[in-house]
Amino acid sequence: MVALLHVDADSFFASVALRSRPHLRERPVAAAAHVIITSANYPARARGVHSAMLVADALAACPELVVIDVPQAEIEETAEALFDVFHDIARTVEPGSIEEAFLDVGTDDPGEAAMVGHALRRRVAQQLGIPVSVGVGSTKLIAKLASRAAKPDGLHVIDAAEEARLRTELPSSDIWGVGPKTLERLKRLGVLRIGDIDHVPAAELQRECGTLMARRLRQIREGTDDANLRPVEHRTTLSAGGSIAGYARADKSPTALATESVARACHRAERAGLVASGLTLTLAPEHGGRIIQLKQALPDPTNSAAEWTPVATRLLAATSVPLLSTLTVTLTGLQSAHRVAPTLF
Ligand SMILES: [Mg+2]
């Protein structure tokens, strides 16, 4: 048995925004991209504010809410620094999102894993100034349930006794990967908690939920669910971006934002020793219109902003660009700068 860590930053976007505004920490604060809340701190959550909510609805629920634009450049930098810490501490890292990962720290002992988790939390707090919660468990699902129990700003170990209880009593709605449709089907079968599958004939469970989900549920019940981490060996894309307008004010032109974002993406690629062969611009129109993607490749891979900026500018100039909420620049086809043969002349 392994002791895996699941590490997850608490209200990541809001926490990053609060670093330079410590006087707001006890007040309800949310980070927003355009008109959508992307992250709310705990005082805001206590007042009914949550991510994916419209800013207008959040302000109606909590008039004292302080809304801060997502500091996109700072978010990207902090997420990268967070993963640097993960890679420094763990022997294997499986990213879940930009601010969340499973870590194998090379021990089977939950107590030892917890010590590493405490040290990691201290280091992230000191170096990056943000809270992360850590869960320790024998499988990915159990570690993830542990980090959820640890929030906010805590560490929780799910020991053998708690794990045994969870493998009987875990509500179907808390099973990672079970969506609303499966949840409805499980309810029809009388499966409100994982242990309830004992009373459902295997064929019926399979018919209702599909082969894969039925197998997964049985594995969770038996304790043979996934404990293998899949590291991302080679990073192939890298994105930078931001929102153009906040709350009905256009503060940047698409070209200005693309130029800034190209510069940031190129800077990060350079620091990571990577060069890109392609660039994708992702344009999200205002009012939830259809996402537009514009792509261009260069014959010689590069991380030079001087080469990619005109590419982005030309792509924008050749398109009738609608009013945008966000624009993202993605460098694609990344490869190590050392592996690219130098031009011979
Ligand atoms: Mg998080």
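1. Start with I220, which you'll find in helix α10. This is a predicted model, so keep that in mind throughout. I220 counts as buried because 23 other C-beta atoms lie within 10 Å, and the cut-off for buried is 20 or more. Leaving aside neighbours within four places in sequence, I220 is in contact with L141, R167, I175, I194 and D225. Take I194 from that list: I220 and I194 are 26 residues apart along the chain, yet their C-alpha atoms are separated by 7.8 Å.

2. Now hop over to helix α6, residues 140–150. How many of the eleven residues of α6 are buried? Nine of them are, so the helix is largely enclosed by the rest of the structure. The buried ones are K140, L141, I142, A143, K144, L145, A146, S147 and A150. L141 should ring a bell, since it is one of the contacts of I220. What do the buried residues of α6 pack against? They pack against the strands β1 (4–9), β6 (100–104), β7 and β8 (155–157), plus the helices α7 (160–169) and α10 (211–222).

3. Next, have a look at G137, in strand β7 (residues 132–137). G137 is buried, since 29 other C-beta atoms lie within 10 Å. Not counting residues up to four places away in sequence, G137 touches L4, I142, A143, L145, A146 and I158. Four names there, I142, A143, L145 and A146, are also among the buried residues of α6. Compare that with A125: it is twelve residues from G137 along the chain, and the two C-alpha atoms are separated by 22 Å.

4. Set S97 beside G137 for contrast. S97 is found in strand β5 (residues 92–97). Is S97 buried or exposed? S97 counts as exposed because there are 10 C-beta neighbours inside 10 Å, and 12 or fewer is the cut-off. S97 and I68 are 29 residues apart in sequence and 22 Å apart in space, C-alpha to C-alpha.

5. Helix α4 is a nice one for checking a ruler by hand. The helix covers residues 72–89, which is 18 residues, and at 1.5 Å a residue it should span 26 Å. Its end C-alpha atoms are 26 Å apart, so the expected and computed values agree. Which residues of α4 are buried? They are Q72, I75, E76, T78, L82 and F86. For reading that list, it helps to know that an α-helix has 3.6 residues a turn, so residues three or four places apart point the same way.

6. Stay with α4 and bring in its partner, helix α5 (residues 110–128). Two packed helices are described by the angle between their axes and the distance between the axes. Here the angle is about 150° and the axes are 11 Å apart. The crossing of α4 and α5 is right-handed. On the α4 side the contact uses T78, A81, L82, V85 and I89, and on the α5 side V116, L120, R123, V124 and L128. By class, that contact has eight nonpolar residues, one polar and one charged. T78 and L82 also appear among the buried residues of α4.

7. Zoom out to the domains. The chain is divided into domain 1 (4–10 + 73–159), domain 2 (13–70), domain 3 (163–222) and domain 4 (237–338). Notice that domain 1 is written as two stretches of the chain. The C-alpha centres of domain 1 and domain 3 lie 27 Å apart. Their contact takes seven residues from domain 1 and four from domain 3. The domain 1 side of it has four nonpolar, one polar and two charged residues.

8. Finally, some backbone spots to look at. Most residues other than glycine have a negative phi, and most peptide bonds are trans. H34, in the loop between β2 (29–33) and β3 (36–40), has a positive phi near 60°. H34 counts as partly exposed, with 19 C-beta neighbours inside 10 Å. A52 also has a positive phi, about 75°, and is not a glycine; this residue lies in the loop between α2 (42–45) and α3 (55–61). A52 counts as exposed, with 8 C-beta neighbours inside 10 Å. As for the peptide bonds, a cis one joins K151 and P152, with omega about -5°. P152 sits in the loop between α6 and β8.

Terms used: Residues numbered from 1 in each chain as written. Predicted model: local features only at pLDDT ≥ 70, side-chain atom pairs only at ≥ 80, totals over all residues. Helix = DSSP H or I, 4+ residues; strand = E, 2+ residues; numbered from the N terminus. Expected span 1.5 Å × (residues − 1). Domains from an automatic or database assignment. Contact = placed C-beta atoms within 7 Å. Nonpolar A, V, L, I, M, F, W, Y, C, P; charged D, E, K, R; others polar. Axes fitted to C-alpha atoms, helices over the stretch in contact; angles between N-to-C directions. Left-handed = near helix turned anticlockwise from the far one by under 90°.
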